[in-house]
Amino acid sequence: MKPNSITLAPLDAQARKSIEPVICYPTNRLPRPDLSKYAALRDDLKLIETVTIPPRDAATWEVPAGHFCRLVCSDGSQVGDLNLFNLRDINERFYSGKTRALNGTHVGRGDQLFSNFPYLRPIATITHDTLDWYGFDEFGGSVHDVIGTRCDPYTHNLLSNGGQYHYCCHSNLTRALAKKTGLPLNEAEIHVHDVLNVFMCTGFTRDSGEYFMKASPVRPGDYLEFFAEIDLLGCMSACPGGDCSAEHSSNSAACYPLVVEIYRAKNLPEGWEQPSVNGYDRTHGM
Ligand SMILES: [Zn+2]
């Protein structure tokens, strides 16, 4: 939030403010996936596994490289907080910040989800989104954001004068990852990272730049689908905020399960190869 200014504006303040913005990372230089090659496989997908995520809890699943994964709203309007890891090395994981810098604040069909340094490569490609009709609303809000982090008990503690709540997405993801990996809870916790907010409708207020949420437009049957570019370990929490229309970090919202479906395609996309880890040589000028 910006306070009222106490500094005298320069004479050319308006001219400085009127300078047109430039896009930080011109995405026309980003190698884009040929979506038609992925789309060509979608008519003949075989469901091989279904995982149910209970409300106010999280679950893990595996998606082999070359498979499709659907994150499905099954029962009622519900937001999901998604973490993705390299199944073979959980130190490589989804990097929300760089995915945002490269794609924008909210992701959709054709966008790729990138991993952290020093790997920085696309680990998943979004191939279908039944909420693509939403676009951006009059408040600047949209769905599937990479601007939020995840609801967590630490921020809740700060904002609630010492409150203890154990079913925030951060804790749900931590428990599920500990269970899957066998790591102690406090070691699993440090692998939990900023999420893709699946189905969540968010934005920044135009006047104050504050992060906002509003009721998710998701309905039962809606799904977000991605193609696994590498072997992935998925972990998703059914947020205690439910549709995130009012509050999270409590048990007050109506909360529903989410379903994850893993599909095998008959073929791989034509000419597809697993992306290699980033080509930077890591000498950092030394
Ligand atoms: Zn949450």
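**Loops, a zinc site and packed rings**

P118 sits in the loop that runs between β6 and β7. In this predicted model, the peptide bond that joins F117 to P118 is cis, with an omega of about 0 degrees. Most peptide bonds are trans, and most residues other than glycine have a negative phi. Against that background, two further residues invite a look at their backbone angles. H144, which is not a glycine, has a positive phi of about 60 degrees. This residue belongs to strand β8, residues 142-145, and it counts as buried because its relative accessibility is 0%. C244 likewise has a positive phi, near 60 degrees, without being a glycine. Unlike H144 in its strand, C244 is placed in the loop between β12 and β13. With a relative accessible area of 0%, C244 is buried.

F117, the residue on the other side of the cis bond from P118, leads on to the aromatic rings. The model holds 7 aromatic pairs. One of them is formed by Y95 and F117, whose rings meet edge-to-face, with 5.3 Å from centre to centre and 90 degrees between the planes. This pair links distant parts of the chain: Y95 is in the loop between β5 (89-93) and α3 (96-103), F117 is in the loop between β6 (112-114) and β7 (122-129), and the two are 22 residues apart. Y95 counts as partly exposed, at 25% relative accessibility. A further edge-to-face pair is made by F227 and W272, with 5.4 Å between the centres and 85 degrees between the planes. Here too distant parts of the chain are linked, since F227 lies in strand β11 (residues 223-228) and W272 in the segment after β13, 45 residues apart. Both F227 and W272 are buried. Ring pairs also join these two residues with Y38 and F68 into a cluster. Another ring, that of Y263, has R70 lying over its face, at 4.5 Å from the ring centre.

Which residues hold the zinc ion? Coordination comes from the SG atoms of C151, C169 and C239, at 2.2 to 2.3 Å. Along the chain, these donors follow the spacing C-x17-C-x69-C. C169 lies in helix α5 (residues 169-181), whereas C239 is in the loop between β12 (232-238) and β13 (258-265), so this pair ties together parts that are 70 residues apart in sequence. Both of these donors are buried: C169 has a relative accessibility of 0%, and C239 has a relative accessible area of 3%.

The cysteines can also be considered for bonding to one another. A disulfide is a covalent bond between the sulfur atoms of two cysteines. How many disulfides does the model contain? The count comes to 0. C168 is accordingly in no disulfide, and the nearest cysteine sulfur, which belongs to C151, is 4.3 Å away; the cut-off for a disulfide is 2.5 Å. C168 is buried, at a relative accessible area of 0%. C24, in contrast, is exposed, with a relative accessible area of 72%.

Turning to the interior, the largest nonpolar core contains 35 residues. Within this core, the residues that touch the most other members are W61, L71, L84, L196, L232, M236 and V260. Strand β9 (residues 196-204) supplies the largest share of the core, 4 residues. L71 offers a helpful view of the packing: beyond its neighbours within four places in sequence, its contacts include W61, L82, V198, F199 and D222. Also in contact with L71 are Y223, L224 and F226, along with M236, V259 and V260. There is also a second, separate core of 12 residues, including A176, A178, V192 and V195.

The last stop is again a proline in a loop. P31 lies in the loop between α1 (13-17) and α2 (35-39). At 66% relative accessibility, P31 counts as exposed. Between P31 and P153 there are 38 Å in space, taken from C-alpha to C-alpha, and the two prolines are 122 residues apart in sequence.

Notes. Residues are numbered from 1 along each chain as its sequence is written. This is a predicted model: local features need pLDDT of at least 70, side-chain atom pairs count only at pLDDT 80 or more; totals for chains, interfaces and linings use all residues. Side-chain values use heavy atoms; hydrogens and water are left out. Donors are N, O and S atoms within 2.8 Å of the metal (3.2 Å for Na, K and Ca); water is not among the atoms, so sites may look incomplete. Buried means under 20% relative accessible area, exposed over 50%, partly exposed in between (1.4 Å probe, protein chains only). Rings of Phe, Tyr and Trp (its six-membered ring) pair if their centres lie within 6.5 Å; planes under 30 degrees apart count as stacked, over 60 as edge-to-face and the rest as tilted. A charge sits over a ring if NZ of Lys or CZ of Arg is within 6 Å of the ring centre and within 35 degrees of the ring normal. A nonpolar core is a set of buried Ala, Val, Leu, Ile, Met, Phe, Trp, Tyr and Cys residues joined through side-chain atoms within 4.5 Å. Contact means heavy atoms within 4.5 Å.
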